[in-house]
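This report describes how a ligand is held by its protein and how the surrounding model is organised. Please consult the sequence and the structure shown here before reading on.

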Amino acid sequence: MTTYNREQLLRFASERAINYLETLQTRRVSPSEESAKQLATLQHALPNEGTDPGEVLETLDTVCSPATMGMAGPRFFGFVIGGALPVTVAANWLATSWDQNTGYFAPTPATSTLEAISLQWLLDILGLPKTCGGGFVTGATMANFTCLASARHHVLANARWDLNEQGFNGAPPIQVVVGGEIHPTAQKALRLLGFGNKQLVVVPVDSQGRMRLDKLPALKAPCIVVTQAGNVNTGACDAIGELSDIAHASGAWVHVDGAFGLWARAVPERQYLVDGIDKADSWATDCHKWLNVPYDSGIAFVRHEEALRASMAITAAYLPQDSEIRNPSDFTPELSRRARGVDVWAALLSLGKQGVADMVFSNCNLAVRFADRLRAEGFDILNDVVLNQVLVTFGDESTTTRIIEEIQREGTCWCGITKWQGKTAMRISVSCWATTEKDVDTSLDAIIRIARKFV
Ligand SMILES: *Cc1c(COP(=O)(O)O)cnc(C)c1O
């Protein structure tokens, strides 16, 4: 066997990748049991001798490609998962070749510049204050963590406590207020920051999962209020503008977990859902969800840039120290990392403001299309379909569960299972740039045909 050189390897990979993406439309969404079984052939001890790189890639494509879930395709409706726009995949490949460790501006001017520009464009399209600081992180989990670390630093500084010097032990207690529907990753971020589950003041929610303002406790600084734009089940958004007015009167910090819901800001027809959200103090969002860039990509936006920098920047004698320059790692938990801004920049530039709005709004309309037909067929839709999430139940728990399992196995589309306020439901999340009305209709035909076998 001949050894593949670099050019052959990259051509091989691009050909296989193109083939993979071109066949997404026609392949089944979930991997077949057969292809999943093939993964067992990878299970062997690490050989002493190396394997030809071409053979390594060959194995990867022949064994693993068929065993992937069609998440990049137009009929994957599980969790809240975008695909990746072709331009972002291509930009990502190029940036991977550059292999830029985008921690500091001086050694990586190109990728640091793209990140700074992306940040400004994001603030613009999401309608957030232009002076916000921002960190490019792995996803909304780390974006929540980064924002909440800034919040913790800031509210303690206001209480004359220097967290960096004095630490968290013995600090003034912080009141942390969350909604009953807080995303588990936001709760995890709080845990990582030293706030235990039992220390959280939980505000009851309404039928859509929004915090009930009439149940808000008395707020007392130092205080952090964790709100949500885009409930993972219903898509509902807290009344963040109103909450911010109330919270700020007590000196509290308002954080928004807007992993996907924040993108409603980009769509004129959906802006009413996130009215006044710019009054908050920090916002976490994902780009790998609704902006449809490759994994992993999340952003932490913080109104008080100095709080973000104070909680994230490191100082070491050998590191560049020029406060005029935006060093990406001053705003993130990570030091070494990939150039996340590149994919974001490519997505935003190729779509433009209108393109982003169209992509997000199209998904919202397709969600309504799902809900309308399922309702017409007599199935219960459990949520107000305001964004891209649809909750449908086919009856009792065991029937709904069996139908969902069969839909997943059948392979036309893929939707997940969830529980909403005591009811088992199928969750349909429309988040992919490539999904069309035809994809939705094809999926509906399969869903209804399968459901009719049971009910
Ligand atoms: C997806 C999601 C998260 C977690 O985001 P990751 O990118 O998986 O870390 C947090 N909050 C909400 C509301 C989400 O939808």
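In this predicted model, a polar side-chain atom of D286 is placed 2.8 Å from an oxygen atom of the ligand. Two further polar contacts involve ligand oxygen: one is made by a polar side-chain atom of K289 at 2.8 Å, and another by a polar backbone atom of A140 at 3.1 Å. The table collects these contacts.

| Residue | Protein atom | Distance to a ligand oxygen atom |
|---|---|---|
| D286 | polar side-chain atom | 2.8 Å |
| K289 | polar side-chain atom | 2.8 Å |
| A140 | polar backbone atom | 3.1 Å |

Taken alone, the ligand exposes 380 Å², of which the protein buries 85%. The ligand is surrounded by 14 residues, and the closest of them are T141, D257, D286, H288 and K289. By class, the shell around the ligand comprises 4 nonpolar, 7 polar and 3 charged residues. The site occupied by the ligand is the second largest pocket.

Enclosed space is a separate matter. How many cavities of 30 Å³ or more does the structure hold? There are 2 cavities that reach this volume. The largest cavity has a volume of about 70 Å³. Its lining consists of 14 residues, and those closest to the centre of this cavity are G179, E181, I182, Q228 and D238.

At the level of the whole protein, the domain assignment gives domain 1, covering residues 6-68, and domain 2, covering residues 90-347. The C-alpha centres of domain 1 and domain 2 are 36 Å apart.

Key:
Residues are numbered from 1 along each chain as its sequence is written. This is a predicted model: local features need pLDDT of at least 70, side-chain atom pairs count only at pLDDT 80 or more; totals for chains, interfaces and linings use all residues. Side-chain values use heavy atoms; hydrogens and water are left out. A residue is near a molecule or strand if one of its heavy atoms lies within 4 Å of it. A polar contact is a pair of N or O atoms within 3.5 Å; within protein, one must be able to donate a hydrogen and the other to accept it, and residues adjacent in sequence count only if both atoms are side-chain atoms. Accessible areas come from the Shrake-Rupley method with a 1.4 Å probe; for residues, only the protein chains shown count as cover. On a 1 Å grid over the protein atoms alone, a cavity is a set of points where a 1.4 Å probe fits but cannot get out, and a pocket is an open set with protein on both sides within 12 Å along at least five of seven lines; lining residues have an atom within 4 Å of a point. A molecule sits in a cavity or pocket if more than half of its atoms lie within 2 Å of its grid points. Ala, Val, Leu, Ile, Met, Phe, Trp, Tyr, Cys and Pro count as nonpolar, Asp, Glu, Lys and Arg as charged, and the others, Gly among them, as polar. Domain bounds come from an automatic or database domain assignment. Grid points are joined across faces, edges and corners, and a volume is the space filled by probe spheres set on the points.
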